[in-house]
Amino acid sequence: MNFIRPAILRSVICSTRGPPGRATLAPGGPSAFYSSVVAGAQERTLVAVKPDGVQRRLVGDIIKRFEQRGFKLVGLKMLQASESTLADHYHDLRRKPFYPSLIRYMASGPVVAMVWEGHNVVRSSRFMVGDTDSAQAKPGTVRGDFSVHISRNVVHASDSVEVAEREISLWFHSAELVNWENSDQSDLYQV
Ligand SMILES: Nc1ncnc2c1ncn2[C@@H]1O[C@@H]2COP(=O)(O)O[C@H]2[C@H]1O
């Protein structure tokens with residue numbers, strides 16, 4: 001059933017995109033506009049709520065931030081990470097003095113691993129998560145809101161597209177990732 005006539009809908013959309021007379025609608029309508037914005041830069045990243053984040057009941061808050069930002073959840077699981085997965089994940093840090101305690105801490109309790117998809121999700125999630133060193137993390141970021149020490153920084157997010165690909169394949173089997181269509185745009189605009 002058509003609840004909103006297309007002409008009215010078009011004017012509403014135009015009026016929410018900037019000052020009168022400046023708003024434009026992409027040829028082909030709103031869904032084409034959306035596709036033209038997001039096309040070509042869909043990425044995936046690994047975000048993991050670390051054992052301290054799980055213990056502090058921060059899983060829901062962290063998921064909510066990513067959902068509200070506009071990213072799409074395509075993989076999610078809770079697990080107790082094995083030493084071999086952690087050794088692989090933190091391979092680059094193996095010579096750091098904090099490495100043994102990092103592995104002990106990451107193996108100390110369950111982790112919630114997620115794969116998020118979206119436009120520039122790798123870079124955006126690094127901003128959302130905040131500086132690795134909690135003392136430097138800005139308020140409004142996950143670490144800036146919830147963490148006080150670099151060794152208990154609540155959450156992990158991949159730091160580049162290449163690293164994200166490697167980390168996703170380390171933590172997830174391909175069958176655990178779900179490709180699903182965003183229907184909210186068509187529900188909103190193709191009435
Ligand atoms: N100086 C440090 N002391 C203790 N832990 C650290 C230090 N530097 C980095 N780490 C940890 O190593 C982790 C590497 O992955 P993350 O960036 O998710 O989070 C980092 C911190 O939890």
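Let's start in the middle of things: strands S1 and S3 pair in the antiparallel sense, and they do so over eight bridges. If you want one spot to anchor your eye on that seam, find Thr 45, which stands opposite Trp 116 in S3. Keep in mind as you look around that this is a predicted model.

Now move to S2, on the other side of S3. S2 and S3 also pair in the antiparallel sense, this time over seven bridges. Two pairs of residues let you trace the seam: Met 78 stands opposite Val 112 in S3, and Leu 79 has Val 111 in S3 as its bridge partner.

Put the pieces together and you get an open sheet of four strands, in the order S2-S3-S1-S4, with antiparallel pairing. At the edges sit strand S2 (72–79) and S4, each of which pairs on one side only. Neighbouring strands in this sheet are turned by 15° against each other on average, direction ignored.

How much of S3 is buried? Eight of its nine residues are, so the strand is largely enclosed by the rest of the structure. Part of the cover over the sheet is easy to spot: helix H9 (residues 161–171) lies across S1, S2, S3 and S4, running at about 55° to S1.

Zoom out for a moment. The protein chain has ten helices and four strands, and from the N terminus on its elements run α-α-β-α-α-β-α-α-β-α-α-β-α-α. Of the contacts with a separation of 6 or more, 76% are between residues 24 or more positions apart. Buried residues make up 38% of the 191 residues in the chain. The accessible surface comes to about 11,400 Å², and carbon and sulfur atoms account for 54% of that.

Next, the inside. In soluble globular proteins, nonpolar side chains tend to be buried together. Here the largest nonpolar core has 20 residues, and the ones that touch the most other members are Val 47, Ile 62, Phe 66, Met 114, Trp 116 and Val 155. Which elements give two or more residues to this core? They are strand S1 (42–49), helix H4 (59–69), strand S3 (111–119), helix H7 (121–129) and S4. The largest share, four residues, comes from H7.

Met 114 is a good place to see how such a core residue is surrounded. Leaving aside its neighbours within four places in sequence, Met 114 is in contact with Thr 45, Leu 46, Val 47, Val 49, Ile 62, Ile 63, Leu 73, Gly 75, Leu 76 and Phe 172. Apart from the largest core lies another one, of 18 residues, with Leu 102, Val 115, Phe 172 and Leu 177 among them.

Finally, the residue you may care about at the bench. An unreviewed UniProt entry carries the annotation "active site" for His 156. Where does His 156 sit? Its place is in strand S4 (residues 155–157), which is one of the edge strands of the sheet. Is His 156 buried or exposed? With a relative accessible area of 12%, it counts as buried, because the cut-off for that is under 20%. Beyond its neighbours within four places in sequence, His 156 is in contact with Leu 46, Val 47, Ala 48, Lys 50, His 89, Arg 143 and Glu 167. Val 47 has turned up before, as one of the residues touching the most other members of the largest nonpolar core.

How values were computed. Residues are numbered from 1 along each chain as its sequence is written. This is a predicted model: local features need pLDDT of at least 70, side-chain atom pairs count only at pLDDT 80 or more; totals for chains, interfaces and linings use all residues. Side-chain values use heavy atoms; hydrogens and water are left out. UniProt positions are given in the numbering used here, feature names are shortened, and annotations may be inferred rather than shown by experiment. Buried means under 20% relative accessible area, exposed over 50%, partly exposed in between (1.4 Å probe, protein chains only). Contact means heavy atoms within 4.5 Å. A nonpolar core is a set of buried Ala, Val, Leu, Ile, Met, Phe, Trp, Tyr and Cys residues joined through side-chain atoms within 4.5 Å. Two strands pair if DSSP finds at least two bridges between them. Axes are lines fitted to C-alpha atoms, for helices over the stretch in contact, and angles run from 0 to 180 degrees between N-to-C directions. Accessible areas come from the Shrake-Rupley method with a 1.4 Å probe; for residues, only the protein chains shown count as cover.
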